[in-house]
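Here are a few notes to help you find your way around. Have the structure open while you read.

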Amino acid sequence: MIWHYCVVRWTWVAIVGVVVAASCSPGDGPESIALPTSPDTTSTTTTTTTTTTTTLVPPRYEATIRRTTDGVPHITGETIEDVAYGQGWVNGEDHGCTLSDQVIRVTGTRAAALGPGTEGENVQSDFAWRAIDIASIAADDFENIASDAVVAQFEAYTAGWNAQLADIGGERATGWCAGAAWVRPLKPVDVYIYARSVALLASSSALVPYLGSAQPPTTQPIGLRRRAAASGVDLSAFERGATELGLNDLGNLGSNGWAIGHERVAGGEGGLLLANPHFPWEGELRFAEVQLTVPGKFDIYGANLLGLPGVGIGFTDGVAWTHTVSAGKRMTAYNLTLDPASPTSYLLDGVSVPMTSTEATIDILRADGTVDTETRTLWRSEYGPVIDFPGVGWTNTNVLTFRDANIDNDEFIEQYALLPTVQSIDDLIALNAEYEGVPLFNTVATDSKGNVWYADTAATPALSAEAEQLYIGKLFTDPVTKIAYDQGVVLLDGSDSRMRWANEPGARDPGLVPFTDLPQVERTDYLFNANDSFWVPSAEFTLTGPYSIMNGEQGTALTMRTRQNAAVLGDANTTGLAGTDGLFDAAEVRAAALENTGRTATLLRSAAVTACKASPLVNVPDLLADDGTVSLPAATVDLTTACSVLAGWDGVYDLDRSGPMIWREMMDQFADADFERAGPLFADAFDPANPTSTPSVPAADPGPLLQAMGRAVQTITEAGFALDTTLGAAQFTERAETRIPIHGGTNRDGVTNVVSWSDSSTSSEPAPQRGEPVAAGSSLRGEGYRINFGTSFIMTVDFTGDQVQAWALLVYGQTGDRTSPLFDIQTEQFSEKQWREVAFTEAQIAADPDLDTYTVVGR
């Protein structure tokens, strides 16, 4: 057992007119960080020359931190506040920069800390977050609404974070921000504001590029004069903006969640869970693994996003749960018809309604160290902030606005603070029903009795039946409404009061769908979700009913990844991954999670090989880039080598396989819709009666597949790779300048273990970048397929024995310190499919060969 005594230096106070520091000096640190010799203690002076009185001041917080293999922290304390203090300390130790960076982002003060940005992006971000106003809303809630328990949790967590910063000094903060003037002690409300902002990922956060710059017109902007006559909107610009909004890509910020009940586990008792979130490997949306224990009160293990207290995905002794990003809607946009007499008023049922405005001023740090200010007027409708959206802008006739289902979601924090207390599916359901605080996720869970539960209880706007019918009708008549919907945005008529959100009894806040009306099901066989709509939580049945279109569509085609999940888990056991008995054990679940078979290859590879053997030469036309230049020239391509490689491939995206490169380049040339209907890939149509198995019959005409194969050969050759290159030689990530081969595939590949590239981070942290694609539409670069996104925190939980057991990997490691051996060790383990058994019990923790124990205290 190793004790770090410098950590506890604040505990003892000698009182003789001076405060005596203990054995470790705090260091100087930057001037912006207060580093007192004895923080948060009260000293008194006794006037005497003959005696010294020593008073032992009991700490307000005390936590024991035990680090096990891979640096996983197990935090124990006598109270919830003690544990929160320890977790805040650990967050500072492992990721000292991320929380500070995100606080300045969501409070709209990034330009003051970091400057305007290369293209003014920090200024735009600051005004956008001032328009969203989560900082003011959350601060008011923290003072007036948050429970005493939540306030105490955030006070303790922040105190731990601040104490760790004071302990090392800002010059030695963990991460890229060491020595930065903006790294300074935080207030509890700062952390609470950031936690509340996380709930806005699928709503206000996505609109940041279009907020804060909306200003009423003086003259009609030239760029908006080319319009579709029926809508008054530049349709091409509007479609580009809606696509860039990225709400349809939230499935990539997704997951697989499996809950296997007692009917489908070997031995027939207990349940199994797979948690497999697909999240970024860089930036603020990384997870931190942790165990939190208050003896006699709770014991919880799992992970949460960096900078947040508690556990978001995890397990207790009795129940385990995970989340996947929901396909439902977290906001609605509104098209306002403006009053001809004033562009800052809009018509509602024919009556003019004035917008409200506020003046926002931000500080901007300039390159010479000076600070100046900029002020803008921010406008709001009754629904929410006004949006400067491409193709619409703000004219004399129209402007867009939106309403966010999570802007007032204080219940999110309250609900997750109580997760450590749940011990069964019944407890978990009751907690969800009481708070209705899940912001944007599906929940998939199992418990020690072998019950399983799936629910999409995410915050969902409630539309009346009349409003839904009016909206659905416009999908067929209004091109703007249809374009928005195709890109994941529900656009309503803001001039019609019938389109206001409905106030339903039992909802956590006015305008939301109540818990009892949200899709959910409890069973004892298995349930899953892979980011498709709620309606197919199993290959054995569909979940249908009078659910709102805001929850997601019913009767719609599934992604190839969802279909592969269904094939793995289905009672038919077509993949054989449940063993010869068709019943899963924990080892089989771990193997299945990273088995890496691609659904598209399973369905189409044989047909492609048959076709290329019969026609080994194919003519491909010029491939044009977006600007009209030739990306790859027309050519006659010999398919012989590629055909041979595909013939010898088994459709698995493992490191030693040749074939994944060819197949990926082929599949990336088809539209999403081609995988969901009869067309160039499939002869049969999607059948809602058989959603997990249709379409599946290869198209009779192999021409499109051959064309795609010819283009794939061109692309791979252009990148400098041989056609038989293994996936391990082409697909990689770079951690601490080490190139690590990565197995797995993409959503389009139809692999459950998703790995890919994402530019979605809002962090100011420098991170590895990838080069330019070798051909238009391809993700292949000259270096290969660089990965920074996908399977992140992966965990299986096993309730089939006498004691809960778990295995996990945090793929990018527990630390943000790129010089630490912990930064890439778990990436290497992931590359080798080497799971780590979770140390959950006292015996497991005590036996860990890398055990390091220390105590932190503070007031």
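The points below go through a helix and its packing, then some strands, then another helix.

1. Before anything else, keep in mind that this is a predicted model.

2. A good place to begin is helix α7, residues 188-198. The helix is mostly covered, with ten of its eleven residues buried. Those ten are V189, D190, V191, Y192, I193, Y194, A195, R196, S197 and V198. If you wonder what does the covering, the list includes the helices α2 (98-106), α4 (121-132), α5 (134-144), α6 (148-168) and α9 (411-417), along with β8 (298-305).

3. Now pick out α5 and look at how it meets α7. In general, a pair of packed helices is described by the angle between the axes and the distance between them. Here the axes of α5 and α7 come within 9 Å and cross at roughly 120 degrees. Angles from 65 to 115 degrees count as roughly perpendicular and those over 145 as roughly antiparallel, so α5 and α7 are oblique to each other. Their crossing is right-handed. On the α5 side the contact uses I134, A135, I137, A138, A139, D141 and F142. From α7 come P188, V189, Y192, I193, R196 and S197.

4. Next, the strands. How many of the seven residues of β12 (residues 342-348) are buried? Five are, so the strand is largely enclosed by the rest of the structure.

5. β12 has a partner in β11 (residues 331-339): the two run antiparallel and are joined by two bridges. To find the pairing on screen, look for L338, whose bridge partner in β12 is Y346. The two strands make a hairpin, with two residues between them.

6. β12 also pairs with β13 (residues 351-354), again in the antiparallel sense, over four bridges. A handy marker is S345, which stands opposite P354 in β13. This pair is a hairpin too, with two residues between the strands, and D349 takes a positive phi near 55 degrees there.

7. Finally, go along the chain to α18, residues 703-718. This helix has 16 residues and reaches 23 Å from its first C-alpha to its last, close to the 22 Å expected at 1.5 Å a residue. Its buried residues include L705 and L706, the run from A708 through M709, G710, R711, A712, V713, Q714 and T715, and I716. Just after the helix, have a look at G720, which takes a positive phi of about 90 degrees.

Note on methods
Residues are numbered from 1 along each chain as its sequence is written. This is a predicted model: local features need pLDDT of at least 70, side-chain atom pairs count only at pLDDT 80 or more; totals for chains, interfaces and linings use all residues. Side-chain values use heavy atoms; hydrogens and water are left out. The expected span of a helix is 1.5 Å times one less than its number of residues. Buried means under 20% relative accessible area, exposed over 50%, partly exposed in between (1.4 Å probe, protein chains only). Contact means heavy atoms within 4.5 Å. Two strands pair if DSSP finds at least two bridges between them. Axes are lines fitted to C-alpha atoms, for helices over the stretch in contact, and angles run from 0 to 180 degrees between N-to-C directions. Angles under 35 degrees count as roughly parallel, over 145 as roughly antiparallel, 65 to 115 as roughly perpendicular and the rest as oblique. A crossing is left-handed if the near helix is turned anticlockwise from the far one by less than a right angle, and right-handed if clockwise.
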